[in-house]
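Student: I have a model open on my screen and would like to learn how to read it. Could we go through it together, one feature at a time?

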Amino acid sequence: MDNRMVLITLTGPDKPGIIASVTGQIAEAGARIRDIEQTVTHTLLSLSVLIDFASGDADGKPLIKELLFLAKELGLDLDFQVIGEAEYRRKTTRHAYVVTIMGGEVNAKALARVSRILADHQVNIERITKLTQGQLRCVEFLITAPPELDVKRLTRKLLHAATSLGVDIAVQKESLYRRAKRLVVMDMDSTLIQIEVIDELARLAGVGAEVAEITERAMNGELDFQEALRARVALLKGLEASALEQVYRTIPFTPGAKTLVRILKRLGFKTAVISGGFKFFTDRLKEELGLDYAYANQLEIIDGIVTGGVVGPIIDGARKAQLLEEIAAGEGITLDQVIAIGDGANDLPMLGKAGLGIAFNAKARVREQADTHINQQSLDSILFLLGLSEREMEEIGG
C-alpha cells in the first residue's frame, strides 16, 4: 500500500458493537485512523474510516482481508479505495458551508435543483441531515467548496431558485461561530408580533389610512425613517393614553415567537427587542417574554393624552445597529455570535452588523439586500438555521 491511506466503507443493518469490532481490528493491525464518520438512516448504517500506517513499510493488505471477514460476520458490505496524501490534503483545504432548505415540503425537485447548482460550482455535498420529523420540511447540507468559490454569487443563484421552488434557502459558513451564537436581537412590529403597533393606534385615532400609507413607504425604504415616524406620531395627537393598553391586550404574537424565546433562554442565549416603535409595548413584551433587553421610542403623553411628539432621540436603523453592538459588547459577545431578525428597511443596518442577519417575511427591498431571508409562518423556524432539529426543539422547549 506504500503508506497510502485507505478509505474503508461499510454498509448494512445497524446494531450495537460494530464500531467496537471495526476499530478493535484496526488497532490490532497498528493502523492509524485519520478520519471517521458514521450515519444511520432508519436502520441502515454507513460507516467510513480513513486509515494509514505509522510505519512507512507497513502493508495494509492483511488488515483489509481481516476486515472483509469481520464485515461478513457482521452482515455488512465492505468496500475500500486507496487515497493519496496529495488528494487528502486538497480535500482538507476546501472550505465548509451549511446550506439549509426549508418550506412546507422539501421535495425531490427542490433537492435536485439545489444539488445541481452546487455541482455546477464544483461544490461537494458531504452530509445531508433531516431536521424535521415526519414529512421532509427542512434539510441541511454540509458542503465543501474550493477556496476560489464566489459564495455570494452561489447564494444569489440558490435564492433565485428558492423563489421558483417555493422554499427558503440559507447559506452559512460552517465554523465555531455558527454553533456558538449567544445573542438574538429582534425587531418588534411584524417580526416578534404580527402587527404594526402605530397602525393600530392610528386606527383608534381615526387616521388609520394616512398612517398605514406612511408606514408602508417607510418600511420599504422610500422615506427617511425619522421623518416618517414624526409625521405618523403627529397624526396621533389627542389620542387617549388608554388606547395603548387596549392595543397591547389584543396584540397577536407571531406564531412560534414564544417558543423561540423560551428555547433560546433555556439554551442560555441573551435576547433583546430593538424597535422603531414605542417603549410602552417593548417594556411589556420584555416582562411577558422574559427578554433581557428592550429599546424603543418614547411617546410623549401629558395628562393621559398623546401630544403628537416623541421624547428623546429616535431609534432608527443606525441606532438599532448601535444598540446591537452595545449589548454585545456589554455581554462580552462578538458580533459573529449575534443573530438579528427584522423585516423593514430600518432593520438592514443591524442585520448587516450581526453574524447572522435574517430578514423574516420581509419587505421586497429588505429581501434583496439581506444575506439571509426566510418566508415562514413560524418564527421558531429560525432555530433550524442553528442546526437544531424539531426533535431537539421539542425536548428543549418542554
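Student: Let's begin inside the protein. Which element gives the most to the lining of the largest cavity?

Tutor: Keep in mind that this is a predicted model. For a cavity, look at which elements bring residues to its wall. Here β10 gives the most, with 4 residues. The elements that each supply at least two lining residues are α7 (197-205), α9 (225-235) and β10 (270-278).

Student: How many cavities are there, and what volume does the largest cavity have?

Tutor: The count comes to 1 cavity of 30 Å³ or more, and the volume of the largest cavity is about 140 Å³.

Student: Which residues lie nearest its centre, and how does the lining of the largest cavity divide by residue type?

Tutor: Of the 16 residues that line the largest cavity, Asp189, Glu196, Met219, Gly276 and Gly277 lie nearest its centre. By type, the lining has 6 nonpolar, 4 polar and 6 charged residues.

Student: Now the overall layout. Where are the domains?

Tutor: The domain assignment gives domain 1 (5-90), domain 2 (94-174) and domain 3 (183-396). Between the C-alpha centres of domain 1 and domain 3 there are 52 Å, and the C-alpha trace of the protein spans about 90 × 40 × 40 Å along its principal axes. You will find 16 helices and 15 strands in the protein, and 47% of its 398 residues are buried.

Student: How do I read a single helix, say α13? Which of its residues are buried?

Tutor: Start with its length, then look at its sides. Helix α13 (residues 317-331) has 15 residues and reaches 22 Å from first C-alpha to last, close to the 21 Å expected. Its buried residues are Gly317, Lys320, Ala321, Leu323, Leu324, Ile327 and Ala328. These residues lie on the same side of α13 because they cover an arc of only 160 degrees around the axis. On the other side of α13, Ala318, Ala329 and Gly330 are exposed.

Student: And the backbone? What is phi of glutamine 122, and where is this residue found?

Tutor: Check the sign of phi, then the place in the chain. Phi of glutamine 122 is near 60 degrees, a positive value in a residue other than glycine. Glutamine 122 sits in the loop between α4 (108-120) and β6 (124-130), and is exposed, with a relative accessible area of 57%.

Student: What about asparagine 361?

Tutor: Asparagine 361 has a positive phi, near 45 degrees. Its loop runs between β14 (356-360) and α15 (364-369). At 34% relative accessibility, asparagine 361 counts as partly exposed.

Terms used: Residues are numbered from 1 along each chain as its sequence is written. This is a predicted model: local features need pLDDT of at least 70, side-chain atom pairs count only at pLDDT 80 or more; totals for chains, interfaces and linings use all residues. Side-chain values use heavy atoms; hydrogens and water are left out. Domain bounds come from an automatic or database domain assignment. On a 1 Å grid over the protein atoms alone, a cavity is a set of points where a 1.4 Å probe fits but cannot get out, and a pocket is an open set with protein on both sides within 12 Å along at least five of seven lines; lining residues have an atom within 4 Å of a point. Grid points are joined across faces, edges and corners, and a volume is the space filled by probe spheres set on the points. Ala, Val, Leu, Ile, Met, Phe, Trp, Tyr, Cys and Pro count as nonpolar, Asp, Glu, Lys and Arg as charged, and the others, Gly among them, as polar. The expected span of a helix is 1.5 Å times one less than its number of residues. Buried means under 20% relative accessible area, exposed over 50%, partly exposed in between (1.4 Å probe, protein chains only). The arc is that of the directions from the helix axis to the C-beta atoms.
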